[in-house]
Amino acid sequence: MGWSAEQTEAGTRGEPGGPGTDTAGAGTGTAGAVAEAAGPGPQADGAGAGSGEGPRAPVALSPSRAGDFMQCPLLYRFRVIDRLPEKPSPAATRGTVVHAVLERLFDAPAAERTAAGARALVPGEWEKLLAKRPELAGLFADATSDAASDDADRSGGSAAADGTPAAPDGAAAERLATWLAEAEALVERWFTLEDPTRLEPADRELYVETELESGLRLRGIIDRVDVAPTGEVRIVDYKTGKAPRPQFAEGALFQMKFYALVMWRLRGVVPRRLQLVYLGSGDVVTYDPGEADLRGVERKLLALWEAIQRATATGDWRPRPTKLCGWCDHQAHCPEFGGTPPVYPLEVRPPDGAVVPQGRMEQI
């Protein structure tokens, strides 16, 4: 491909495909959803339901939110418009920590980018994240600990005077230690898939945003961008789960094609390669897009955006039941589970005065 010794194509020893799915993507819940309804610029992690802003119609689209709408329009509404809170998960939080380590690793000179050094970064990155989001300490507490914490809160004695979370009990500390060891193992596995001593990324955690001719604004954050001396661009995304089976791989590739489209519109160059690094299974999946691919993605995004705009105007956000419903935090608000959605917070404008039909949404 022509990558130099400094910006070379990493030696990959994984094959495309494989069992399982990526379950630890970072930034896919309410924290990232507010970016869809906010103005330009990257959104800080943790913004959203607790930001104090009123409801606003969506103004942009990211890969995660496009995926939400394709999975279930009602889920999109809950995340982007209602901004319902979602419980953090150990898997997603681990993904955030691992991504932070792989970003920070490149701050060191090439010769110092070792597996042992990267593993040593994990506890510190967890502490940084915990300082920003103290509620994450509850990930490792059991029901008994949660109840005791609630009692202490009511009596005014659970937290330190400076607001930092209390030290975990023995069982919670053991669970935390296991979780950190799992994160360290994922970081170490990355060294079997790529050689950081031969890489000098052009960008890390790159926020990108562009507006298409149609007026649709696209935005997202790319884990890593490599640029060869010849100008060829490679977009790299880390996944802390397992590579999906081939029949389910299109979803992850859609995300990468989304990023490729944005980069093409921003820089005028179609990325030469898209690379997904699955740390959970040790697989590396690559795809070389063309202009026809990206034009197809653009047409799909425009169709999605038109559907989102119609749903926003009419308030018609229908559920689309799938096997993924079992992992949804919003079953209490979903009609498929006997729940009732919150009162729609935006003005409803049915087309031509027609009655808005309700029911399930079929696949677009």
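Let me start with Lys-300, whose charged end sits over the ring of Phe-254, at 5.1 Å from the centre of that ring. I should say at once that what we are looking at is a predicted model, and that every value I quote has been computed from it. A second placement of this kind involves Arg-265, which lies over the face of Trp-264, 4.2 Å from the ring centre.

From charges over rings, let me turn to rings with rings. A pair of aromatic rings is described by the distance of the centres and the angle of the planes. The count here comes to 10 aromatic pairs, and I will take two of them. In one, Phe-69 and Tyr-76 meet edge-to-face, with 5.7 Å from centre to centre and 90 degrees between the planes, and both Phe-69 and Tyr-76 are buried.

The other pair, Phe-106 with Trp-190, is also edge-to-face, at 6.1 Å centre to centre and with 80 degrees between the planes. Where in the chain do Phe-106 and Trp-190 lie? Phe-106 belongs to the loop between α4 (90-104) and α5 (115-132), while Trp-190 is in helix α7 (residues 170-190), so that the pair links distant parts of the chain, 84 residues apart. Phe-106 and Trp-190 are each buried, and ring pairs join them with Phe-191 and Tyr-238 into a cluster.

Let me go back to Phe-69 and Tyr-76, this time with their helices in view. Helix α2 (residues 63-71) packs with helix α3 (residues 73-81) at an angle of about 140 degrees, the two axes being 5 Å apart. How should we name that arrangement of α2 and α3? An angle counts as roughly antiparallel only over 145 degrees, and α2 and α3 are therefore oblique to each other. On the α2 side the contact is made by Arg-65, Asp-68, Phe-69 and Gln-71, and on the α3 side by Pro-73, Leu-75, Tyr-76, Arg-79 and Val-80, a list in which both members of our buried aromatic pair appear.

Finally, a word on the protein chain as a whole, whose secondary structure comes to nine helices and six strands. Of its 364 residues, 43% count as buried, and the chain exposes about 17400 Å², of which carbon and sulfur atoms supply 53%. Among the contacts between residues at least 6 apart in sequence, 74% join residues at least 24 apart, and the link from Phe-106 to Trp-190, with its 84 residues of separation, is a pairing across distant parts of the chain.

Key:
Residues numbered from 1 in each chain as written. Predicted model: local features only at pLDDT ≥ 70, side-chain atom pairs only at ≥ 80, totals over all residues. Heavy atoms only, no water. Helix = DSSP H or I, 4+ residues; strand = E, 2+ residues; numbered from the N terminus. Buried < 20%, exposed > 50% of the residue type's maximum accessible area, 1.4 Å probe, protein only. Contact = heavy atoms within 4.5 Å. Areas by Shrake-Rupley, 256 points an atom, 1.4 Å probe, with all protein chains shown as cover. Phe/Tyr/Trp six-rings, centres within 6.5 Å; stacked < 30°, edge-to-face > 60°. Lys NZ or Arg CZ within 6 Å of the ring centre and 35° of its normal. Axes fitted to C-alpha atoms, helices over the stretch in contact; angles between N-to-C directions. Parallel < 35°, antiparallel > 145°, perpendicular 65-115°, else oblique.
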